[in-house]
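Good morning, colleagues. I should like to use these few minutes to introduce a structure that is new to most of you. Please take a moment to look at the sequence and the model before I begin.

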Amino acid sequence: MDPIVVIGGGGHAKVVLSILHKLGKYQILGYTDLRDNGVLLGADYLGSDQELTSMAAERTSLNAVLAIGQVGLGKARQELQTRLQSLSLSFPSIVSPNAVVNEEVRIGAAVTVMDGVVINSGASIGHGAIVNTNSTVEHDVRIDDWVHIAPGVTISGGVTIGRFSMIGVGATVIEGKQIASECIVGAGATVVHDLKEPGVYVGSPARRIR
Ligand SMILES: CC(C)(COP(=O)(O)OP(=O)(O)OC[C@H]1O[C@@H](n2cnc3c(N)ncnc32)[C@H](O)[C@@H]1OP(=O)(O)O)[C@@H](O)C(=O)NCCC(=O)NCCS
């Protein structure tokens, strides 16, 4: 089994750990976090991210999964991965065995795809994206790097979602719409127009509030 370190020790990390257990192909060395949250689903606390330096030095290769949640823009997760780049960690994509990923889907590195997700053909998922529980990414959708698709979201065919954006829990985006980089779409919103500017959009139809 390939050794892997889980980066982050909050609620999102627990979801990721459950998926790693089901995949059964990784030896979970433990998790890093700023603080010790005790044993998380059998995973021990290893220390802060600095601990990764010595762990990486002891091995020829070390896998890691970014298991820090994202409520807001994806920049913090990207910055963390950039800081860790010098350690030559590998960030494999973690795809739940309970997700359906259909033909001709492209999934970048460091992506996590949770239980109950459906991704249909022609879709592409950028580096570091989270496709969260029970969300649907329809055919030919393009999701850029460091996007979070929250639980229960429906992204219809041909939609594009720019870098760092977050689509809030239960939101719907109708077909072919374009969402710019650095947009936050509120929980339960319905996106029926292109979102051309970075900002926070809520409601049905989704409108910009700032
Ligand atoms: C959109 C969101 C980011 C705004 O958060 P915020 O900046 O703290 O905004 P506030 O709570 O101050 O709300 C500002 C206004 O927008 C309204 N609003 C906030 N979220 C809304 C939503 N999802 N739908 C409709 N209206 C919303 C508030 O009622 C408030 O209106 P008011 O000024 O008339 O009282 C947040 O409410 C949201 O929906 N987050 C998504 C959470 C999520 O998906 N988490 C996933 C976890 S895995």
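**Two domains and a ligand shell**

The C-alpha centres of domain 1 and domain 2 lie 23 Å apart. Please bear in mind throughout that this is a predicted model. As for the bounds, domain 1 covers residues 2-87 and domain 2 covers residues 94-198.

Let me turn to the contact between them. Domain 1 contributes 16 residues and domain 2 contributes 15 residues. Which elements give two or more residues to the side of domain 1 that touches domain 2? They are helix H1, residues 11-23, strand S4, residues 63-66, and helix H3, residues 75-84. Of these, H1 gives the most, with six residues. In chemical character, this side of domain 1 is made up of eight nonpolar, five polar and three charged residues.

Between S4 and H3 there is a loop, and Val71 lies in it. Is Val71 buried or exposed? The count of C-beta neighbours inside 10 Å is 11 for Val71, and a residue with 12 or fewer is classed as exposed, so Val71 counts as exposed. Val71 also leads us to a distant part of the sequence: Val71 and Ile184 are 113 residues apart along the chain, yet their C-alpha atoms are separated by 9.0 Å.

Ile184 brings us to the strands. Strand S20, residues 183-185, pairs with strand S22, residues 199-202, in the parallel sense, over three bridges. Within this pairing, Ile184 stands opposite Val200 in S22.

S22 has another partner. With strand S23, residues 207-208, S22 pairs in the antiparallel sense, over two bridges. Here Val202 stands opposite Arg207 in S23. S22 and S23 form a hairpin with four residues between the strands, and in this hairpin Gly203 takes a positive phi near 90°.

I come finally to the ligand. How many residues surround the ligand? There are 14, and the closest are Gly168, Val169, Gly186, Ala187 and Val202. You will recognise Val202 from the hairpin, where this residue stands opposite Arg207. By character, the shell around the ligand consists of nine nonpolar residues and five polar residues, with no charged residues. The side of domain 1 that touches domain 2, by contrast, includes three charged residues.

That concludes my overview, and I thank you for your attention.

Notes
Residues numbered from 1 in each chain as written. Predicted model: local features only at pLDDT ≥ 70, side-chain atom pairs only at ≥ 80, totals over all residues. Near = placed C-beta within 6 Å. Nonpolar A, V, L, I, M, F, W, Y, C, P; charged D, E, K, R; others polar. Pairing = 2+ DSSP bridges. Domains from an automatic or database assignment. Contact = placed C-beta atoms within 7 Å. Buried ≥ 20, exposed ≤ 12 C-beta atoms within 10 Å, placed from the backbone.
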